[in-house]
Amino acid sequence: MSIQSLTSRITIIGGGPAGTSCAIELSNLGVKDVLLIESGDYSKFCIGESIPPESKPVLKHLGIYGAFRKEGHDPCYGSCSYWGSDKRGYNDTLLSHHGHGWHLDRRRFNRFLAEQAEERGTVVMKNTSFLEAKKLDIGKFVLTCENENNETLHITSDFIIDASGSRGVFASKQGSQKNTTEPLICLAARFKLSSDSKVSKLTHIEAQEYGWWYAARLPDDTLLIGLYTDGETVIKKKIQAFDRWLSLLKETPTTIEFINDAEIIDEKFKGYPAPSFCLDKAFGDNWVAIGDVASAYDPVTSRGIIKSLTDGLFAAEKIQQHLTGDETALPEFEKMVQANFQNYLRTRQHFYQLEQRWPESPFWRKYQLDEMNVDKLDA
Ligand SMILES: Cc1cc2nc3c(=O)[nH]c(=O)nc-3n(C[C@H](O)[C@H](O)[C@H](O)COP(=O)(O)OP(=O)(O)OC[C@H]3O[C@@H](n4cnc5c(N)ncnc54)[C@H](O)[C@@H]3O)c2cc1C
């Protein structure tokens with residue numbers, strides 16, 4: 001087993017939207033010697049696919065909008081929901097001055113972002129996982145990582161950006177704590193549509209007593225259907241079993257229509273935790289947490305990806321200022337994350353409270369009366 005030693009001025013842990021956008025913006029700002037380590041290689045399916053029209057100015061700011069358009073993700077012209085009533089509601093992007101949003105092939109989108117970072121000078125090391133960190137007396141960090149060949153790497157860096165997603169593999173070791181609520185659980189399966197399928201390209205949401213269904217048509221004629229509920233309901237209604245999930249889907253008044261001319265891929269679903277939280281401490285001496293490490297949003301908002309892209313962009317500016325001695329820069333970044341999180345909580349609470357058809361449902365009661373409510377955070 002070999003051991004390699006590397007140095008970099010800045011190391012980013014995680015090559016999702018937050019880490020890659022931060023790398024791109026750092027190089028736009030002229031910050032050099034940036035290394036990004038990513039535990040995967042962008043070959044596996046990745047969930048989270050709807051981005052709103054407001055993503056356009058963010059991609060433009062990063063200087064990658066033209067290249068993004070050439071990637072051929074599917075335009076999404078809005079959403080259609082059955083929420084608070086069995087009557088259909090629309091949210092049409094026709095009225096947005098940014099135009100339409102997108103349904104992404106998320107794996108391809110993440111890989112595209114990493115390639116854009118690489119083209120601008122970031123060294124991207126795929127299949128490389130961060131394991132642990134040691135702080136040296138001089139303020140630098142030594143990261144111990146492992147690659148796909150089980151080789152150990154020691155990376156010595158002046159500054160660390162934790163962009164590893166909701167697990168926050170580095171920030172959690174620095175003592176940061178999550179202000180969190182019980183996560184939603186998403187049970188999702190993919191279906192293959194015929195190429196002439198008439199299935200709507202709008203994002204679809206349908207509330208039911210035990211949670212809510214989501215459907216999105218993705219590029220390559222794939223359909224994603226997910227049930228969002230909580231752990232207690234999964235157990236009580238025995239939804240761990242795929243057959244039960246499918247029979248609940250077939251009992252829905254409208255989501256069922258999506259699978260009429262679709263064939264399930266793999267005859268199984270996958271479970272994903274979808275937590276909502278904000279870190280109490282998003283920065284420390286020579287490190288910062290961005291994207292889903294710093295705060296995670298309910299997928300009903302479809303704002304996780306744009307939030308992580310924006311975090312990456314804003315953090316890059318603040319890191320540049322920090323590196324030139326500005327001590328207010330990182331606290332300002334943390335303040336922005338926390339203020340955005342409070343806005344998000346207000347929106348989420350309002351959204352769940354719009355659904356009043358099942359006052360006795362433990363699922364709806366839980367998220368309408370969220371224990372991490374806005375008042376508590378404001379206190
Ligand atoms: C079920 C579900 C559905 C969602 N749907 C949507 C949606 O429709 N629209 C939307 O905008 N948002 C959605 N989201 C949220 C969105 O996916 C996230 O907010 C977004 O991916 C966060 O980006 P990120 O870069 O911060 O983290 P991530 O995308 O999680 O990226 C983190 C990266 O770090 C890497 N990593 C992790 N650990 C290590 C390690 N030890 N060493 C090296 N690398 C590591 C991971 O491989 C990963 O590539 C959804 C989330 C869930 C759970």
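Here is a friendly exchange between two people about the predicted model above.

Colleague: Before we start, what pLDDT do local features need in this predicted model?

Modeller: Residues are numbered from 1 along each chain as its sequence is written. In this predicted model, totals for chains, interfaces and linings use all residues, side-chain atom pairs count only at pLDDT 80 or more, and local features need pLDDT of at least 70.

Colleague: Thanks! Which helix gives the most to the largest nonpolar core?

Modeller: A nonpolar core is a set of buried Ala, Val, Leu, Ile, Met, Phe, Trp, Tyr and Cys residues joined through C-beta atoms within 7 Å. Buried means 20 or more other C-beta atoms within 10 Å of a residue's own, exposed means 12 or fewer, and partly exposed is in between, with C-beta atoms placed from the backbone. The largest core has 67 residues, and Ile12, Cys22, Ile161, Val288, Ala289 and Ile290 touch the most other members. With seven residues, the helix that gives the most to this core is α7 (residues 304–323).

Colleague: Leaving aside neighbours within four places in sequence, which residues is Ile290 in contact with?

Modeller: Contact here means that two C-beta atoms, placed from the backbone, lie within 7 Å. Ile290 is one of the residues that touch the most other members of the largest core. Leaving aside its neighbours within four places in sequence, its contacts are Ala18, Cys22, Ile161, Ala163, Asp311, Gly312 and Ala315.

Colleague: And how many residues are in the other core?

Modeller: That core lies apart from the largest one. Phe191, Ile225, Ile239 and Trp245 are among its members, and its size is 26 residues.

Colleague: On to helix packing: why is α1 described as roughly parallel to α4?

Modeller: Helices (H or I, at least four residues) and strands (E, at least two) are DSSP runs, numbered from the N terminus. Axes are lines fitted to C-alpha atoms, for helices over the stretch in contact, with angles from 0 to 180 degrees between N-to-C directions. The axes of α1 (residues 17–28) and α4 (residues 106–119) come within 8 Å and cross at roughly 25 degrees. Angles under 35 degrees count as roughly parallel, over 145 as roughly antiparallel, 65 to 115 as roughly perpendicular and the rest as oblique, so α1 is roughly parallel to α4.

Colleague: Is the crossing of α1 and α4 left-handed or right-handed?

Modeller: In α1, Pro17, Thr20, Ser21, Ala23 and Ile24 meet Leu113, Ala114, Gln116 and Ala117 of α4. A crossing is left-handed if the near helix is turned anticlockwise from the far one by less than a right angle, and right-handed if clockwise. For α1 and α4 the crossing is left-handed.

Colleague: Which residues of α7 make the contact with α2?

Modeller: The axes of α2 (residues 55–62) and α7 come within 10 Å and cross at roughly 30 degrees. That makes α2 roughly parallel to α7, and their crossing is left-handed. Ser55, Val58, His61 and Leu62 of α2 meet the α7 residues Ile306, Leu309, Thr310 and Leu313.

Colleague: Let's turn to strands. Which residue takes a positive phi in the hairpin of β9 and β10?

Modeller: Two strands pair if DSSP finds at least two bridges between them. β9 (residues 128–135) and β10 (residues 141–147) pair in the antiparallel sense over seven bridges, with Ala133 opposite Leu143. There are five residues between the strands, and the one with a positive phi, near 95 degrees, is Gly139.

Colleague: What is the bridge partner of Cys145 in β11?

Modeller: β10 and β11 (residues 152–162) pair in the antiparallel sense over six bridges. Four residues lie between them in a hairpin, where Asn150 has a positive phi of about 60 degrees. In β11, the partner of Cys145 is Leu153.

Colleague: Which strands stand at the edges of the sheet β3-β7-β4?

Modeller: This open sheet of three strands has antiparallel pairing. Three bridges join β4 to β7 (residues 101–103), and Asp74 stands opposite His103. One side of each edge strand is left without a neighbour in the sheet because each has a single partner strand: these are β3 (50–51) and β4 (74–76).

Colleague: Last one: why does Asp33 count as partly exposed?

Modeller: Asp33 lies in the loop between α1 and β2 (34–37), and its phi is positive, near 65 degrees. Because it has 15 C-beta neighbours inside 10 Å, Asp33 counts as partly exposed.
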